[in-house]
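Hi,

Here is the model I promised to pass on. My notes follow below it.

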Amino acid sequence: RADAVADQKKAYKALGIKVPNEPALCHLLSIAEVEKYLGKPVQPGTSAGPVSGCAWRAADGSNDGLLVTRGARGDWYPATSSAQYTNVDGIGEKAYTAYETGVGYEASALGANGVTTVQFSGKASAATAVAVLRIVVKR
């Protein structure tokens, strides 16, 4: 089974690039919070690879999980082509939620310091993605 994060880590290791196992973004949410929103036990958060982010994977080995990333303002690319793209008010300067087929729900906000995005794979909803985005943007 393909594992993009593991593949990315292998590539960075081969190139001699060190990526911390638990970046600061992994401290934005507790394991209990992630489990609450994902609806199942998760493994501790690990580096999301080349992006500034943290990935929590379901402990059952499924592809369910949560990814939280932060990037520069120039990383703002709203998923307007998504059939379920919706603007969200009250988070940052701009925010949206969208569903990406084969991936899941994401919510993203543009703020003064950059872009914060949460992406769920599994049975999450747009409302769940927005709820988690509201939390991590404040932290």
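What share of the contacts in the chain with a separation of 6 or more comes from residues 24 or more positions apart? The figure is 44%, with contact meaning heavy atoms within 4.5 Å.

Some housekeeping: this is a predicted model, where local features need pLDDT of at least 70 and side-chain atom pairs count only at pLDDT 80 or more, while totals for chains, interfaces and linings use all residues. Numbering starts from 1 along each chain as its sequence is written, and side-chain values use heavy atoms, leaving out hydrogens and water.

On the fold, the chain has three helices and seven strands (DSSP runs, H or I of at least four residues and E of at least two, numbered from the N terminus). Their order from the N terminus is α-α-β-β-β-β-β-β-β-α. Of the 139 residues, 42% are buried (under 20% relative accessible area, 1.4 Å probe, protein chains only).

Helix H3 covers residues 126-138, and its end C-alpha atoms sit 19 Å apart, which agrees with the 18 Å expected for 13 residues at 1.5 Å a residue (1.5 Å times one less than the number of residues). Its buried residues include Ala129, Val132 and Leu133, and among the elements covering the buried set are helix H2 and strands E3, E5, E6 and E7.

Strand E6 also holds glutamate 106. That residue is buried without a salt bridge (a side-chain nitrogen of Lys or Arg within 4 Å of a carboxyl oxygen of Asp or Glu). Lysine 94, the nearest side chain of opposite charge, is 14 Å away (Lys and Arg count as positive, Asp and Glu as negative; His and the chain ends are not counted). Beyond four places in sequence, glutamate 106 touches residues including Tyr96, Val118 and Ala129.

Cheers

Definitions and conventions. Buried < 20%, exposed > 50% of the residue type's maximum accessible area, 1.4 Å probe, protein only.
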